[in-house]
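Hi,

Here is the structure I promised to pass on. My notes on it follow just below.

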Amino acid sequence: MVSQLIRIWSKPGENIVVHTPAYDGFYKVIQGNKRQLLACPLEKQSNNWMCDMNQLETLLSQPETKILLLCNPHNPTGKVWSHSEPKTMSELCERYNVNVISDEIHMDMTLGDTKHIPWSEVATTHWALVTSASKSFNIPALTGAYGFINDDHSRAAYSHQLTQCDGLSSPA
């Protein structure tokens, strides 16, 4: 799902911002699609990981940056974003016309009373929220995967990419 969205929303050589450390699949899908990864390192502060929003803005403001690939909650740190963090990210993405792919596969896995904030609650620009039942319910494969794409044009382009380019016209 992420790979198709990367091909729809960016061209080879363009930038995709990722909070690091990151799930190894993010590096592979970005490199495999011939895009450039811009790392926005999370900084460990006490028992939490923090995003330097000024550094994030610097990366998002580059004209070649087309996508923020967000892991929400973050993998591998386990960070659950507070409401203000994705809200700020959304405002920055809107300011610099950056699309967001929010991977929320770990949404059911938070510690204590920490609440997961879905990207759809803060989104202000083009976005896709992708997830699966595979982590929470141990259901492997793409058959449990699903996504929400907020605009008709991107949704149609995604469907075209999946069926006409990738040959996935029906689930197996």
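Let me start at the N terminus: the side chain of Q4 makes a polar contact of 3.0 Å with the backbone nitrogen of M1 (N or O atoms within 3.5 Å; within protein, one must be able to donate a hydrogen and the other to accept it, and residues adjacent in sequence count only if both atoms are side-chain atoms). Please keep in mind that this is a predicted model, where local features need pLDDT of at least 70 and side-chain atom pairs pLDDT 80 or more, while totals for chains, interfaces and linings use all residues. Residues are numbered from 1 along each chain as its sequence is written, and side-chain values use heavy atoms, without hydrogens and water.

Q4 sits in helix α1, residues 2-9 (a DSSP run of H or I, at least four residues, numbered from the N terminus). Q4 is buried at 8% relative accessibility (buried is under 20% relative accessible area, exposed over 50%, partly exposed in between, with a 1.4 Å probe and protein chains only). Leaving aside residues up to four places away in sequence, Q4 is in contact with Y158, Q161, L162 and D166 (heavy atoms within 4.5 Å).

On the cysteines, the whole structure has zero disulfides (cysteine sulfur atoms within 2.5 Å). For C51, the nearest cysteine sulfur belongs to C40, 4.0 Å away. C51 is buried at 10% relative accessible area, and C93 is buried at 0%.

There is one aromatic pair (ring centres within 6.5 Å; planes under 30 degrees apart are stacked, over 60 edge-to-face, the rest tilted). Y23 and F26 have ring centres 5.6 Å apart and planes at 80 degrees, so they are edge-to-face. Y23 is partly exposed at 39%, whereas F26 is buried at 4%.

Best wishes

Definitions and conventions
Helix = DSSP H or I, 4+ residues; strand = E, 2+ residues; numbered from the N terminus. Phe/Tyr/Trp six-rings, centres within 6.5 Å; stacked < 30°, edge-to-face > 60°.
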